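Here are some exercises to help you find your way around a new structure. Try each task on your own, then walk through the solution.

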Amino acid sequence: MIHYTLLALFTWLAWKLVRALLPSRSQIDKLPGPPSTSWLTGHLPQIYDNQGWAFHRELAKYGPVFKLQHTLGRPMLCVYDPVAMHSIAVKDAHIFEEMQFFLDLTYDTFGPGLLSTIGDTHRKQRKLINPVFSSKNLQRLTPVFYEVVGRLTQGIGALVNEGTTEVDMADFFGRTALELVGQAAVGHSFDPLTEIKHNPYSDALKAYLPTLYTLSNYFQLYAFLRPLIPAPLRRPLADLIPSRRMKAVLNILDTMHESAVEIYKEKKREAEANGLQNADAGDRAKDLMTVLLQANAGASEEDALPEEELISQLSTFLFAATDTTSSALALTLHRLSQREDVQQKLRAEVQDAKRRHGGGAIPYDELVALPYLDAVCRETLRVHVVAPLRFREARADAVLPLSKPVRGTDGEPMHSIFVPKGTRIFVLIQASNVNPELWGADAHEWRPERWLEPLPDALAGAKIPGVYSNLMTFWGGGRACIGFKFSQLEMKVVLAELLAAFKFEEAGKPISWNIGEAIYPTIGVGSTRPEFPMKVTVLKSPSATN
């Protein structure tokens, strides 16, 4: 029997290899694109190069539809055409799904949460979770945001008053983002923020992506081997790999999972003590775990989520809401430190608003409506896509419509693109966000004032399918970032409170921004440790801002 099994496996592998070696006859082959230096790895090393900014900028010159090369010489479709993106993200999202590699990796990391599920399972999870991130619930959560950011302000102020000349804002933002999502979305506190304190879970979350990407050369091997290895054997076999980098990744995964299980058990005990089926929260804010536990308590056995899935949602949100928002905040301060005039103008706006409330917190409705604060946040998220690597995989043959024809290498115009099943697609959301044809000649310039002016007519006509401000930063359709409003509120509360209390300047260190699933700052090139030191000056007593 084992001989037949091995023969079948060999035949399957040989067929996959032959299919890969056969010359492609796809319409995609006729699209323009840069040459690849490797048939084996294609353009993947350049795409995933954490310092590959020049390569990514260069891609835009090939237009909104072009090709790159995937592994084994296979073509990869690249798009930022708005009509094509609408088809991929909204109209035909069931065809253009997340890549199987991404689904497998997030499943092996976090379990069956929102990031690793598709179809009806994903829609069911999203429907349960949506109330946590509604505008009404975020308004209820605003006092929690201010309490956490008040502790952040005190922690930074204490360091500066003690004589610290440089403050690592990447560390503070990472800790704050985890504490905010912990308190507001999970109902758990991770960090006092008023003192330097290392939380194992926080450290694991921050280290996960930089450590994982030290293994990026082996991603394709992982994608190839994973389906061949039975699920119960994957972790034992991974433990046998004699690699320090692999051991580091596994240790991080263990820390994240153990912490998530501990938090889940704590929340379950609290919910059971308070009565699981008491779903009416009145005017109280709802956290994620309470919503899920209460929904499970009232669900039939068929509809109830298994415990593994509940824990996975917790892990998924703690990860997804930490790295992205903390990097967005660091990028905003980076820009504000380079533009003192913008920093002063923004500070004046938030200080005026605070004075109208006796120096205290700006109410939710007024905070989200502050025009210049909103413009600064939008412009940062336009110019800097925190999660720029967005891929899809065609699950069936499809025809991708275009907003205008593209000319192939044979000189013939293409009004649409036939996309064969299995085609990998790279959606260049950064290029869409800074497309001069839509945003004007200064599209690449960070200029918050553009949001206080009428937006270009071309932008309105393009009908970008993004869920937020004609941008693809938070994606669109059924897999759009479910917590984008949460992220916006977090950015605004943090910036309003910190700019009212401190002045931020560059510290003179060589800051390098690294490409990854979420971009992150380091000192110099080659480091995997997120760091962003800034010179911070106290403007007034931090306690006066709370």
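The model is predicted, and a search of the whole structure turns up 33 salt bridges. Let's start with a few of those.

**Exercise 1. Find the salt bridge that R226 makes with D104, and work out where the two partners sit and whether they are buried or exposed.**

Step 1: Look at the side chains. R226 and D104 meet with 3.2 Å from N to O. The cut-off for a salt bridge is within 4 Å, so this pair makes it.

Step 2: Place the partners. R226 is in the loop between α10 and α11 (231-239), while D104 belongs to helix α5 (residues 100-110). They are 122 residues apart, so we have a link between distant parts of the chain.

Step 3: Check the cover. Buried means under 20% relative accessible area. R226 comes out at 11% and counts as buried, and D104, at 11%, counts as buried too.

**Exercise 2. Set the pair R175 and D191 beside the pair K268 and E307: which parts of the chain does each one link, and how covered are the residues?**

Step 1: Take R175 and D191. Their closest N and O atoms are 2.6 Å apart, in a salt bridge. R175 is in helix α8 (residues 169-186) and D191 in the loop between α8 and α9 (200-212), with their positions 16 residues apart in sequence. Both of these residues are buried.

Step 2: Take K268 and E307. Here the N to O distance is 3.6 Å. K268 sits in helix α12 (residues 244-274) and E307 in helix α14 (residues 307-338), so this salt bridge ties together parts 39 residues apart in sequence.

Step 3: Check the cover of that second pair. K268 has 27% relative accessibility and E307 has 42%, so K268 is partly exposed and E307 is partly exposed as well.

Step 4: Don't stop at pairs. Salt bridges with shared partners join E379, R382, D442, R447, R450 and E453 into one network.

**Exercise 3. Lay out the open sheet of 3 strands and say what lies across it.**

Step 1: Get the order. It reads β4-β12-β9, and the pairing is antiparallel.

Step 2: Spot the edges. β4 (167-168) and β9 (502-506) each pair on one side only, which makes them the edge strands.

Step 3: Zoom in on one pairing. β4 and β12 (residues 533-538) are joined by 2 bridges, and V167 stands opposite M534 in β12.

Step 4: Add the helix. α7 (residues 135-161) lies across β4, β9 and β12, at about 85° to β12.

**Exercise 4. Describe the surroundings of strand β2 (residues 75-79).**

Step 1: Count the buried residues. In β2 that is 5 of 5.

Step 2: Sort them by face. P75, L77 and V79 are buried on one side, and M76 and C78 on the other, leaving both faces covered.

Step 3: Look at the first neighbour. β1 (residues 65-69) pairs with β2 in the antiparallel sense over 5 bridges, with K67 opposite L77. The hairpin of β1 and β2 has 5 residues between the strands, and L72 in it takes a positive phi near 55°.

Step 4: Look at another neighbour. β8 (residues 424-427) runs parallel to β2 and is joined to it by 4 bridges; V79 faces V427 there.

**Exercise 5. Is L498 buried or exposed, and which residues does it touch?**

Step 1: Find L498 in helix α21 (residues 484-501).

Step 2: Read off its cover. With a relative accessible area of 2%, L498 is buried.

Step 3: List the contacts. Setting aside neighbours within four places in sequence, L498 touches L152, T153, I156, M169, F173 and F504.

**Exercise 6. What is unusual about the phi angles of S469 and N470?**

Step 1: Recall the background. Most residues other than glycine have a negative phi.

Step 2: Check the two residues. S469 has a positive phi of about 55°, and N470 has a positive phi of about 60°, yet S469 is not a glycine and neither is N470.

Step 3: Place them. S469 is in the loop between α20 (457-462) and α21, and N470 is found in the loop between α20 and α21 too. S469 counts as buried at 16% relative accessibility, whereas N470 is partly exposed at 28%.

Definitions and conventions: Residues numbered from 1 in each chain as written. Predicted model: local features only at pLDDT ≥ 70, side-chain atom pairs only at ≥ 80, totals over all residues. Heavy atoms only, no water. Contact = heavy atoms within 4.5 Å. Axes fitted to C-alpha atoms, helices over the stretch in contact; angles between N-to-C directions. Salt bridge = Lys/Arg side-chain N within 4 Å of Asp/Glu carboxyl O. Buried < 20%, exposed > 50% of the residue type's maximum accessible area, 1.4 Å probe, protein only.
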